[in-house]
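Colleague: I'd like to go through this model with you and ask where the labels come from. Can you walk me through the reasoning?

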Amino acid sequence: LLALRRSMLRSAASALLRTSTEVSAFCPVSTVRFVRQSLRYPPKNRPFSTSVCLCKKKKKSLWLQLAEGQTMAGNIEEILAPLRLAVKEQGDLVRQMKQDGAPDVDVTKAVAELKARKRTLEAKELSLQPKDDIVDRTKMEDTLKRRFFYDQAFAIYGGVSGLYDFGPVGCALKNNILQAWRQHFIQEEQILEIDCTMLTPEPVLKTSGHVDKFADYMVKDVKNGECFRADHLLKAHLQKLMSDKKCTAEKKAEMEEVTTQMDNYTQQELTDLFVKYNVKSPTTGNDLTPPISFNLMFQTSIGPGGNMPGYLRPETAQGIFLNFKRLLEFNQGKLPFAAAQIGNSFRNEISPRSGLIRVREFTMAEIEHFVDPNEKVHPKFSSVADLDITLYSSKAQTSGQSAHIMRLGDAVEQGVINNSVLGYFIGRIYLYLTKVGIAKDKLRFRQHMDNEMAHYACDCWDAEAKTSYGWIEIVGCADRSCFDLQCHARATKVPLVAEKPLKEPISLNFVNVVQFEPNKGAIGKAYKKDAKIAMEYLSVCDECFITEQEQLLSESGEFTIESEGKSFKLTKDMVSVKRFQKTLHVEEVVPNVIEPSFGIGRIMYTIFEHTFHVREGDEQRTYFSFPATVAPYKCSVLPLSQNQDFMPFVKELSEAMTKNGVSYKVDDSAGSIGRRYARTDEIGVAFGITIDFDTVNKTPHTATLRDRDSMRQIRAEVSELPVIIRDLANGRLTWAEVESKYPIFEGQETSKKDTVEE
């Protein structure tokens, strides 16, 4: 503990002594200004002495200072204060610009600066964390590869980046994670599971917006064709230029401004920047093509003629939306209900990296919870309301504050989380993630800020896990409003609505109906045989869409619709908006959708990092402390040696564990028992049964049961052990309870020469 404290204090002192020049290397210009101001005018009561930290001879004085209340947290906060202030100032500016109705281009620029300051703050927070809090990624990845949890696909052909094969242990772990997901969500919440095709016709993804918007800008090496993501390459190139000692302050400020605005450049602007800064291929030095838009979906054609273009699905959600009517029927036409799908999705990433975090083929588990927009109250919310969860609200982010622990019920009550349905799923996601092995103190829920949330979303939170790569998103949970169902309804002319019977008919004085009134003659004259397509589209539009287009019609005199691959420009003489009243006996409801979306590969990777350990006193002994629920094997069976007297007991245990649904692994190799323990620990086997000479020589026949994490052992009858392991794996029993019930194993009492006791 003493060594840890010294290390933390030295890190803080080193950061405090960082000059303003060093700070400018990772901060935007405006942020640096705040840092320099802080360094120039430090607080009068500075509660820290760097000289004490850096001088070994003054250790006693250091601890005297700590005793007087000079805490490490306070010193870290002092370092972060100017960065927090920079974020808060920019957040206030963005809010003020929006209130004043500033031009969109200026707001976008200010928002980009806000994001850059947030990234700087978060990077600094992570850098100040204790070093022993970060996993030894090299050692962990060596274990994962050596024990074939997973490896790059097509390795003997040189491999393909972004594609991975899971080995026996990784496959078992992944299946257990998915099984736990099914039990936690589908079974407990009575969710309707479906399994849709991975091939998707182009019109579906055109309607959902993926064809037009699911893209990144890419550049190519003109000689060897190597591809790079444009914004990543430009940013890396500018950082290299800024690190050059010959780079002037003016040039550095200019390039920092470019980096800040990176997310907002158009294709032409990126092209101009590549020319201006003479960006070349980082691997060959060759010239690059101008940036082109690259759609991240894998394109294909369906059928032998190639006449039906399609894609491998980029997400699993669209299949659920398209089957909404059938699912609603299956649920007797009642809201709310939820549907779920587990399956593979595909994104043709330009530059896959970070192992399982950014890949081209990945498993998703998604839920679409359909709910009446006027009844967003979950009946089971009270079951999660008392959970204390780390929340990083939009307000905290724009004010430069840290995430903080909050009771979930209070977050919904105070409006931090939009509604109790969304709050309920956040609680359930938290319980699932911590159950499968993600550390509570390295898990937070970050709310999307207004500028990053989709225009149709009411609220959105990402479950983020702290890893050696920083904070990464592993689950998204969004209130998507009714956007998807409305899009597909307009495109197909199939109303995707639920009907809610009314207790009493609503009189015509209270129900307003809004619909398009097409001028058939004008539309027919303009579009001839295609006019029918346009009029059918107009007939199924919802009130929200009609109101939006009515405003366009009023402002510009026209609006455009797309249907069946054709575009129609409609003017005031072709269409108008009609409003009238009628009596309703049944109310049509377009459901809102709460969508929790899980990236299984990212969850797996996080579990690897959060459960990887090295045995104290032996740097070579690594192990994964997977919860028994998801461990690849619940138990290993280890005969003490290859003596044939042990084999009947191995067979008895194997059959009993199979009957009890317990996965196990027999290791009867010739190695020492300690070495075999280490092997099973390394692949995360939760428990181990050892058959020794006491098992053979004594009655009733007993064997030892070992806990992987504590390495402690008890002794119990062979016939009892499969049931004990089953209950441990299911969470019905804890290891502490097992130790209290059975004798602790101290050592074997008999040997091969002893006879059986009567």
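What follows is a chat about helix packing, two sheets and a few single residues.

Modeller: Sure, and keep in mind that this is a predicted model.

Colleague: Let's start with helix 9 and helix 24. Why are they called roughly perpendicular?

Modeller: The axes of helix 9 (residues 168–187) and helix 24 (residues 600–611) cross at roughly 110 degrees and come within 11 Å. Angles of 65 to 115 degrees count as roughly perpendicular, so helix 9 and helix 24 get that label. The crossing of helix 9 past helix 24 is right-handed.

Colleague: Which residues meet between helix 9 and helix 24?

Modeller: From helix 9 there are Gly170, Leu173, Lys174, Ile177 and Leu178, and they meet Ile600, Met604, Ile607 and Phe608 of helix 24. Sorted by class, that contact has seven nonpolar residues, one polar and one charged. Gly counts as polar here and Lys as charged.

Colleague: On to the sheet with the order 6-5-7. What makes strand 6 and strand 7 edge strands?

Modeller: That open sheet has three strands with antiparallel pairing. Strand 6 (227–229) and strand 7 (292–295) each have a single partner strand, so one side of each is left without a neighbour in the sheet. The twist from one strand to the next averages 50 degrees.

Colleague: How do you know that strand 5 and strand 6 pair?

Modeller: Pairing takes at least two bridges. Strand 5 (residues 215–220) and strand 6 have three, in the antiparallel sense, so they qualify as a pair. For example, valine 219 has phenylalanine 228 in strand 6 as its bridge partner. Helix 12 (residues 230–242) packs on this sheet, touching strand 5 and strand 6, and its direction makes about 80 degrees with that of strand 6.

Colleague: And the sheet with the order 4-9-8: which strands are at its edges?

Modeller: Strand 4 (199–201) and strand 8 (299–302), each pairing on one side only. This is an open sheet of three strands, with antiparallel pairing. Three bridges join strand 4 to strand 9 (residues 308–312), and leucine 199 has leucine 312 as its bridge partner in strand 9.

Colleague: Now some single residues. Why is histidine 488 called buried?

Modeller: Buried means under 20% relative accessible area. Histidine 488 has 4%, so it counts as buried. Histidine 488 lies in helix 20 (residues 483–492). Leaving aside neighbours within four places in sequence, its contacts are Val204, Thr207, Ser208, Gln318, Phe321, Leu322 and Leu496.

Colleague: What about lysine 493: buried or exposed?

Modeller: Lysine 493 has a relative accessible area of 18%, which is under the 20% cut-off, so the label is buried. Lysine 493 sits in the loop between helix 20 and strand 17 (498–506), and its phi is near 60 degrees, a positive value in a residue other than glycine.

Colleague: And what makes glutamine 190 exposed?

Modeller: Exposed means over 50%, and glutamine 190 has a relative accessible area of 64%, so it is exposed. Glutamine 190 also has a positive phi, near 55 degrees, and is placed in the loop between helix 9 and strand 3 (192–193).

Colleague: Last one: where is the cis peptide bond that involves leucine 335?

Modeller: That bond runs from leucine 335 to proline 336, with omega near -5 degrees. Proline 336 is in the loop between helix 16 (324–330) and strand 10 (337–346). A cis peptide bond also joins threonine 699 and proline 700. Most peptide bonds are trans.

Conventions:
Residues are numbered from 1 along each chain as its sequence is written. This is a predicted model: local features need pLDDT of at least 70, side-chain atom pairs count only at pLDDT 80 or more; totals for chains, interfaces and linings use all residues. Side-chain values use heavy atoms; hydrogens and water are left out. Axes are lines fitted to C-alpha atoms, for helices over the stretch in contact, and angles run from 0 to 180 degrees between N-to-C directions. Helices (H or I, at least four residues) and strands (E, at least two) are DSSP runs, numbered from the N terminus. Angles under 35 degrees count as roughly parallel, over 145 as roughly antiparallel, 65 to 115 as roughly perpendicular and the rest as oblique. A crossing is left-handed if the near helix is turned anticlockwise from the far one by less than a right angle, and right-handed if clockwise. Contact means heavy atoms within 4.5 Å. Buried means under 20% relative accessible area, exposed over 50%, partly exposed in between (1.4 Å probe, protein chains only).
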